[in-house]
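The exercises that follow are meant to be worked with the sequence and the model side by side. Please try each task before reading the solution beneath it.

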Amino acid sequence: MHLWLIPLFPLIGFLLNGLWGKRWSKPVVSAIAIGSIAASFLYALAVIAKLSPIDTPYSEHYFTWIQSGFFNVGCDLFVDRLTAVMLLIVTGVGLLIHIYAIGYMAHEGGYYRFFSYFNLFVFFMLLLVMASNLLLMFVGWEGVGLCSYLLVGFYFLEEFASNAANKAFIVNRIGDFGFSLGMFLAVATFHTLDFGQIAAAVATLPVEAKAGVITAITLLLFVGATGKSAQIPLYVWLPDAMAGPTPVSALIHAATMVTAGVYMVTRVSFLYLHAPVAMNVVAIVGVLTAIFAASIGITQNDIKKVFAYSTVSQLGYMFLGVGLGAYSAGIFHLMTHAFFKALLFLGAGSVIHGLGGEQDLRHMGGLRKAMPITFVTLGVASLAISGIPPFSGFFSKDAILSAAYSHSPWMFWIGAITAGMTAFYVFRAWFLAFFGVYRGHHHAHESPSSMTLPLIVLAILAAVGGFFNIPRWLSPAYPLAENENAVAMIISVFFGVIGIVVAAYLYVIRPAAADSLKAAFGRLYTLVLNKYYVDEIYQALIVRPLEAISSFVLWRGVDETLIDTTLVNGLARVIRGWGSIFRQWQSGSIRNYATWILAGSLLVILVLGLAGGGR
Amino acid sequence: MSLLTAVLLMPLIGFFVVLFTPRKSKAPYGVALLASLVTFFLSLSLIGPAIANGARFSSVVDSQWIDSPGLQIRLHLGIDGINLWLILLTTLLLPLGIWVSESMIKDRRKTFFALLLLFEFGLIGVFCALDLFVFYVFWEVALVPMYLMVGGWGAGKRGSAAVKFFVYTMLGSVFMLGSIIYLHSQAGTFDYVEIMNALQSGRLTLTATQQLCLFLGFLAAFAVKVPIFPLHTWLPDTYTLAPTPATFLLAAVMSKMGAYGLIRYSLTLAPGGAHRCAPWIAALAIVGIVYGALIALVQSNIKRLIAYSSISHLGFIVLGIFTFRQQGADGAVYQMIAHGLSTGALFLLAGYMEQRRGSMEIADFGGIATPAPGLATAFMIALLASIGLPVLCNFVGEFLVLQGAALARFSWAVWAALGVILSAAYMLWMYQRAFLGKATQQNASMADLSRRDWIPVLPLIALMVWLGVYTQSFMPSISSATSHVLELTGMNDTYRVRVTPGSQPSALRTTPTKVIYVR
């Protein structure tokens, strides 16, 4: 079946463009980049069609990657129904965003560099979703992190971009620390990292009522997920990652990479199902992140920042779903989110492109005439994310919220309130950008067709994506929830409508009301606008002390002063000191030596005499 | 003349030939390069027999060297999966070092080339010796040319750095010599294989105290050489001040002498001592990992930063060895090679930067990715290898070491893995300040890597990928040798149970292991 061809195409695209792209013209570079993703997409379709209905996972073994003692990890790829969903999202949405990027990046320097990194990203992402063991998944996991670093820092001449890139990589490393420890513990427990083998081994173990080793493994893996998928407490890198070009934000920081944590938890659901404590933690972190990030999203003025916090918030929903055991609902939302959030970012990119780089919502307004396609498609995306029927987000969000409703009411209510906030901030952005009067100076224009075409396709997907019944498709592996809850559905739609109405009131009907509201909540507003000062707190509590300790205590104090100067050189000084004493004896004067010889001989005779006398 | 003798003697022959070449010509360079290349190609044919022979020594040379009553020293050399790759690393990196010396060393080049070859001779000898006395002789032979290179061609306070390096190492090796002589007095031979046979058959037994003393004697030499915290303070000065080709070889291959000694001799000759000391040595290794990384975080000099990062990475090797686990030992040996490639490449590229800018201060760079994209790309790849990105070499070594540590004692893995987080932080911050941003006036016209500059870099990058992706080319031979070492330590299974009573449930006890040697 040659599954390896699916990731191979983008890898070739990366190598070609990376090595020789500099010499080629832009059309050649884009043809290679897009051709490789298209080939990958088509081949993935062919594979899925051939394997359909994929009742049992299909896997292929290529070679042994690492073998040491009992520890054996293969380079094995596999496809099951879950992978099939992910494959189509990654290559399908990836293809659309690649096409979009041709137009968006047309005037940027480093064109070939952008596309080679972009292709490399798709390669690693495909590896991540096709890996049949945790370690190979980790390769993809780290690889997409690398590409994220390279692409966030794409405008590397600007300090904010390289700062954001570093932050993304380092914060993710903290998460990966947990992921690695989870793997070590899994190996110690199960002697393998292969998904199938772990699943078989864990099936024989009882569900852990109290926290045990499986709970520890799952929680450590979840630490990795909080890094990659931007959950509390490691979400801080994602808003900054918007420093990258907008297609990057759409593909990596909205549609695919950041959902890797949700995919991973779903992939090892057999472990989580044996660790209810860990599942609760996942759900709680998810729901708290959802409302926390949504609250920040309400106040942001940078259109990309609004959507970035929105991504953090929506990822929180997905974790809420998988944490509640509604794995298929989580993946369903992952897919619809890929459609509407990619669309939101690409639409935002279209606006930014049309305004010559302007990202501040306060300098937009009234753009619906100049940019009709962007206006309509963004409107569809906004309806979808707000959970308004029959748009896609309604179905997936409803699946998660009904699971929450039957599990624990407080999680449901937080989720429902968040739905209202979501509708509010996304429509706030939409109204601020497209209604009212234009507050900027640049001449606004609609984007070229290479950009609007992907917008239209994604808008269609965001509108009807809810009818792809992912929960049913995944039901052999992830059983369907028993009852869809009508009450939950009505409440969440109600909150969504309220959010839209309030946004319309504040930003279209009575624009002055928003400012008076800001003034009324002055302190609170400043706190939220500054993202609760979390970055500053991390800086003050972790980064600064670490630097100070390293610099003054460890380096200057321990290393240079204590060990080197005091101990090592001190020892040398002591030895030299002794040497200078003994040197006195080596005066070179014969008379001196003779005296010592005489004294020594006398001493020997004396000692011998005394010893002999004693006998 | 057998193959291994040829590999060993080739650099020595080259050394003498270089001495007789005219000073002011290309001849010393040509001869040195030729000799090192011939050595490299000869050494390639060591691979086949070593892989075929599994854990037994291959390409063995065993002839009388000194034969006087009461003192028999044999020139006993052999190759197994552990030293095979270290020798190949040495023979590969030497021509690269000679290649860059051609452009980086300005004066007394003939002497420098001669010293490089002498250094290679010493290193190959250290790695393939199977007679303790011969091992000791080569150990010192390798030290002297390096001392001269640091002292003669280094920068700044090179004199005191060289003396510190020399005295520190000598002081350590005196204790090793003591251990070797004591072992001779007990076993009646310096021959490692004979001593091991005697130990295994029970003809020679060492009490716990004897083993501890022997172990500590060896440790003194190896711990300084690796170096293990807190014996590391010679390293930052030496690495920073030495001329680039010397730093390159010092970091890439010479730092492996100590680690090699630990796994080859310390573990097997005095297993009791090794087991007794393992907990605190592992603790020191972990301290070194975190401590080196934290200090690297705040360095302002690129070479010094890489030097401290080396302390951190070498800590992984020591930790792996003292886990007494197959994964730990395999990871340690793999990491020796991987660290040689990645840190070697980093120092090499740093040398190119120094050549272009006349400084190694990070503040003097900034924005050089724009004028020198090739340099920036190569540096990025080496950096990614160094911070343990999967599909590049260091990941495999570090992962196995940490896995071994996690099996031995989970908290070890937790603490040591902190070093992995920190490595990303210090490297990326340095990269950002040196390469990214807008180029300053002085850097705006910095030359990119020339074709000649790329030549030593490309094989290193290719190997980083090879070792990261297709480990099966290397790992089976390493595994068979390390598993033999663990068998020789004799207590790996009993030890395993002793260290982790109950903490690692049933899974560990079902491990298919065999006890070869029970005390």
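**Exercise 1: The strand pair of chain A**

β1(A) and β2(A) run antiparallel and are joined by nine bridges, where two strands count as paired if DSSP finds at least two bridges between them. This is a predicted model, in which local features need pLDDT of at least 70 and side-chain atom pairs count only at pLDDT 80 or more, while totals for chains, interfaces and linings use all residues. Residues are numbered from 1 along each chain as its sequence is written, and chains are lettered from A and ligands numbered from 1 in the order in which they are written.

Task: describe the turn between β1(A) and β2(A), and state how far β2(A) is enclosed.

Solution. Begin with the names: helices (H or I, at least four residues) and strands (E, at least two) are DSSP runs, numbered from the N terminus. Next, look at the turn, where two residues lie between the strands of the hairpin and A:G69 has a positive phi of about 60°. Beside the turn, A:S68 stands opposite A:F71, which belongs to β2(A). Finally, seven of the nine residues of β2 (residues 71-79) of chain A are buried, so this strand is largely enclosed by the rest of the structure. Here a residue is buried if 20 or more other C-beta atoms lie within 10 Å of its own, exposed if 12 or fewer, and partly exposed in between, with C-beta atoms placed from the backbone.

**Exercise 2: Chain A as a whole**

Task: summarise the elements, the extent and the domains of chain A.

Solution. Start by counting elements, which gives 25 helices and two strands in chain A. Then consider the extent: along the principal axes, the C-alpha atoms of chain A fill a box of roughly 120 × 60 × 55 Å. Of its 615 residues, 57% count as buried. Among the contacts of chain A with a separation of 6 or more, 81% join residues 24 or more positions apart; two residues are in contact if their C-beta atoms, placed from the backbone, lie within 7 Å. The last step concerns domain 1 (155-526) and domain 2 (530-571) of chain A, with bounds that come from an automatic or database domain assignment. The centres of these two domains, taken over C-alpha atoms, are 37 Å apart.

**Exercise 3: Where the chains meet**

Task: which element supplies the largest share of the side of chain A that touches chain B?

Solution. First set out the totals, since the contact takes 43 residues from chain A and 42 residues from chain B. On the side of chain A, β1 (58-68), α5 (134-152), α6 (159-190) and α24 (534-585) each supply at least two residues. The largest share comes from α6(A), with 16 residues. By type, the residues on this side divide into 24 nonpolar, 13 polar and six charged, where Ala, Val, Leu, Ile, Met, Phe, Trp, Tyr, Cys and Pro count as nonpolar, Asp, Glu, Lys and Arg as charged, and the others, Gly among them, as polar.

**Exercise 4: Backbone details**

Task: locate A:P53 and A:I54, and say whether A:I54 is buried, exposed or partly exposed.

Solution. Take A:P53 to begin with, which lies in the loop between α2 (26-51) and β1 of chain A and is joined to A:S52 by a cis peptide bond with omega of about 10°. A:I54 lies in the loop between α2 and β1 of chain A, and has a positive phi of about 50° although it is not a glycine. With 18 other C-beta atoms within 10 Å, A:I54 is partly exposed.

**Exercise 5: A helix of chain B**

Task: compare the span of helix α11 (residues 244-269) of chain B with the expected value, and find where α11(B) is kinked.

Solution. The 26 residues of α11(B) reach 36 Å from the first C-alpha to the last, close to the 38 Å expected at 1.5 Å a residue; the expected span is 1.5 Å times one less than the number of residues. A kink of about 40° in α11(B) is centred on B:L250, the bend at a residue being the angle between axes fitted to the seven residues ending there and the seven starting there. As for its surroundings, α11(B) is mostly covered, with 26 of its 26 residues buried.
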